There are 2 protein chains.
Amino acid sequence: MEQSLAHTIALLERTPAALDGLLRGLPDEWIFTNEGGDTWNSFGVVGHLIFGEQTDWMPRVKMILQFAGTRAFEPFDRAGHVRQSEGKSLDQLLDEFARLRAANLAELRALNLGPKELALPGRHPGLGSVTLAQLLAAWVGHDLTHLHQVSRILAHQYREAAGPWSAYMGVMQCGGHSS
Amino acid sequence: MEQSLAHTIALLERTPAALDGLLRGLPDEWIFTNEGGDTWNSFGVVGHLIFGEQTDWMPRVKMILQFAGTRAFEPFDRAGHVRQSEGKSLDQLLDEFARLRAANLAELRALNLGPKELALPGRHPGLGSVTLAQLLAAWVGHDLTHLHQVSRILAHQYREAAGPWSAYMGVMQCGGHSS
């Protein structure tokens with residue numbers, strides 16, 4: 001499939017509804033249970049997505065437009081969401097994610113990015129040279145990585161319960177593939 | 001997390017909304033593109049979930065209640081949805097899945113299953129002896145396997161586009177783990 005700004009926005013604008021449909025109102029046992037050890041639970045994933053809306057994607061888009069590759073992005077704090085999620089409910093987080101995402105996509109649309117802007121370079125502190133088009137595709141991939149993760153976290157809870165079926169369920173064999 | 005009928009139903013009743021939120025209105029390029037070869041696209045996944053509502057999960061629940069382990073389940077046809085999805089739109093499939101799922105869960109609730117029923121045995125044509133509780137947990141795991149799959153199919157489309165980020169996105173490294 002060809003990347004396009006329209007395709008990118010179409011996916012990005014649906015992620016809040018997908019997570020809302022899956023998670024809102026689920027019993028706390030589903031939401032606050034993880035895959036063991038210091039892995040994330042679904043509550044943490046939504047908090048992390050909020051933090052990305054605030055500090056990662058659109059700030060980097062704007063850095064590319066302003067500085068092209070002459071200044072590196074701020075490193076993203078993967079634990080940055082923990083403190084700001086404290087004391088909130090999942091419903092609050094889902095509302096906040098939807099609100100921030102809608103605002104960010106309104107801002108993205110208003111930039112009217114064309115081929116020239118999409119080809120502009122940025123400098124990632126770890127990955128090196130990237131383009132604005134790659135940044136937008138990574139935003140989509142990041143959403144889907146976390147939807148993939150949430151489905152895996154939830155399935156993990158029924159790994160024993162599903163008995164002999166577990167061996168045939170892809171999601172129950174998935175280790176996540178993340179470093 | 002402990003398995004319970006309430007937890008099981010809470011998850012099962014949210015899957016249609018999750019898929020609806022993610023897929024309804026997405027451009028056809030997202031919906032009808034697969035992971036290459038004869039892999040499924042997202043349209044096919046929703047069709048398969050519908051077929052499961054019609055021929056797999058509740059029919060097997062009822063077989064266990066009626067015959068315990070004395071009769072094997074009908075084998076499930078993994079390609080059975082293809083013909084009946086032909087000519088339909090994704091919106092129609094999403095509506096149909098939501099309607100069938102709601103009806104099946106109403107029927108499941110009305111059975112008022114207790115510990116005695118949940119421990120009843122069934123006979124799976126491939127897996128051998130299972131319990132009603134395991135069948136219900138597998139229903140959940142099956143939903144999540146396909147949500148996991150849809151997130152992976154979608155992410156696959158931007159694997160090239162995301163450039164150096166792709167190597168760090170779990171969903172883009174996932175091969176699916178299914179046989």
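**View 1. No salt bridges turn up between chain B and chain A in this predicted model**. The rule, a side-chain nitrogen of Lys or Arg within 4 Å of a carboxyl oxygen of Asp or Glu, finds zero of them across the interface. What it does find there is 15 residue pairs in polar contact, both residues at pLDDT 80 or more. Such a contact is a pair of N or O atoms within 3.5 Å, one able to donate a hydrogen and the other to accept it, with sequence neighbours counting only if both atoms are side-chain atoms.

**View 2. Here is the side of chain B that touches chain A, with α9(B) giving the most**. Helix α9 (132-156) supplies 15 residues. Other elements giving two or more residues include α1 (5-12), α2 (15-23) and β2 (128-131) of chain B. Helices (H or I, at least four residues) and strands (E, at least two) are DSSP runs numbered from the N terminus. By type, this side splits into 31 nonpolar, 24 polar (a class that takes in Gly) and five charged residues (Asp, Glu, Lys or Arg).

**View 3. Chain B and chain A bury about 5000 Å² between them**. That is accessible area (1.4 Å probe) lost on putting the two together, summed over both, and 73% of it lies on carbon and sulfur atoms. M1(B), Y158(B) and W165(B) supply 17% of chain B's share, more than any other three residues.

**Notes.** Residues are numbered from 1 along each chain as written, and chains are lettered from A in written order. Local features need pLDDT of at least 70, and side-chain values use heavy atoms, leaving out hydrogens and water.
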